[in-house]
Amino acid sequence: MLKGKTALVTGSTSGIGLGIAKALAVQGANIVLNGFGDVDGAKAELEALGARVAYHGADMSKPADIEDMMRYAAAQFERVDILVNNAGIQHVARIEHFPTEKWDAIIAINLSSAFHATRLALPAMQAADKGKGWGRIINVASVHGLVGSAEKSAYVAAKHGIVGLTKVTALENATSGVTCNAICPGWVLTPLVQKQVDAKAAAGGISNAAATQQLLGEKEPSLQFTTPEELGALAVFLCSPAGNNVRGVAWNMDGGWAAQ
Ligand code: NAD
């Protein structure tokens, strides 16, 4: 379905970003990979699915790096048709103890990076399909884009912000073939959440399994994690022709978290 299209997925060396990149690769998209850590492993997984893969190591907290990455993607594959703004970090602390450098980093990586990548991707998307426009911008927000949780001030502010950015991007392109939507997962067992499970186990002197059950039980009525594969399938739907008129939604996949 996506043969000949190019998807740039930020933070795609791990977790949800890698899951979405794999789902798009299965549909035939070329992938521009970004993120830190096991780059070679992620690249190999995507190539095994038959995708053409390029990698750029932009630090998403740095606008100049993002500009360089978008230039690189266009040079490799002509243009970016699908932009998935996914890179993100977390820090957990009460506001009065929240380190200001952590606040700045979370706002830069989880929110401002999406603005920069979007502003740079839009002109080519708007010009595509003989000027009628074709493009998909998918912002990986969170259930924390819809509701709050204590000790996550920067994360919740950034995720509410990205839901707002999603709506404005969708509205400014509503008469074109460029759509923008947000995905709002509940708990997904990735390294980002494993750290929170580990902290809970250490603080409570309990096992990892007990900490996992506690974490789910506090927020997620289904008592089960959403998977990167499920989120990848949602991204594929948004990229499909059936997603042509889905614009500006914040779609939760959260086991009922936000329904409470
Ligand atoms: P993860 O830690 O597995 O992956 C994060 C990715 O972002 C990695 O590829 C990492 O290298 C990259 N990254 C981090 N800082 C970066 C930077 N400065 N520049 C470039 N890349 C950087 O985490 P994840 O859980 O897969 O999170 C991905 C996204 O999903 C985040 O935006 C997160 O907020 C969101 N999310 C996660 C959950 C969850 O439960 N795991 C729930 C809702 C939303």
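**Exercise 1. Find how far a polar side-chain atom of lysine 159 lies from an oxygen atom of the ligand, then look at the other contacts and the shell.**

Step 1. Start at lysine 159: one of its polar side-chain atoms is 2.9 Å from a ligand oxygen. That fits a polar contact, defined as a pair of N or O atoms within 3.5 Å; within protein, one must be able to donate a hydrogen and the other to accept it, and residues adjacent in sequence count only if both atoms are side-chain atoms. Keep in mind that this is a predicted model, where local features need pLDDT of at least 70, side-chain atom pairs count only at pLDDT 80 or more, and totals for chains, interfaces and linings use all residues. Residues are numbered from 1 along each chain as its sequence is written, and side-chain values use heavy atoms, with hydrogens and water left out.

Step 2. Add tyrosine 155, which has a polar side-chain atom 2.5 Å from an oxygen atom of the ligand. Valine 188 takes part through its backbone: an N or O atom there lies 2.7 Å from a ligand oxygen.

Step 3. Check the cover. The protein hides 92% of the 830 Å² of accessible area that the ligand has on its own (Shrake-Rupley method, 1.4 Å probe; for residues, only the protein chains shown count as cover).

Step 4. Now take the shell. The ligand is surrounded by 30 residues, and the closest are Thr13, Ser14, Asn86, Tyr155 and Thr190 (near means a heavy atom within 4 Å). Helix α6 contributes the most, with three residues.

**Exercise 2. Place strand β2 among its partners: which strands pair with β2, and in what sense?**

Step 1. Locate β2 at residues 30-34 (helices, H or I, at least four residues, and strands, E, at least two, are DSSP runs numbered from the N terminus).

Step 2. Pair it with β1, residues 6-9: the two run in the parallel sense over four bridges (strands pair if DSSP finds at least two bridges between them). Alanine 7 has isoleucine 31 as its bridge partner in β2. Between these strands the chain passes through helix α1 (residues 15-26), in a right-handed β-α-β crossover (with the strands pointing away from the viewer, the path from the first strand over the helix to the second runs clockwise).

Step 3. Turn to β3, residues 53-56, which also pairs with β2 in the parallel sense over four bridges. Here isoleucine 31 has valine 53 as its bridge partner. Helix α2 (residues 39-48) carries the chain from β2 to β3, and this crossover is right-handed.

Step 4. Look at both faces of β2. Asn30, Val32 and Asn34 on one side are buried, as are Ile31 and Leu33 on the other (buried is under 20% relative accessible area, exposed over 50%, partly exposed in between; 1.4 Å probe, protein chains only).

**Exercise 3. In the loop between α4 and β5, what is phi near for aspartate 129?**

Step 1. Recall the background: most residues other than glycine have a negative phi.

Step 2. For aspartate 129, phi is near 55°, a positive value. Lysine 130 likewise has a positive phi, near 55°, and sits in the loop between α4 and β5.

Step 3. Compare exposure. Aspartate 129 counts as partly exposed because its relative accessibility is 42%, whereas lysine 130, at 85%, counts as exposed.
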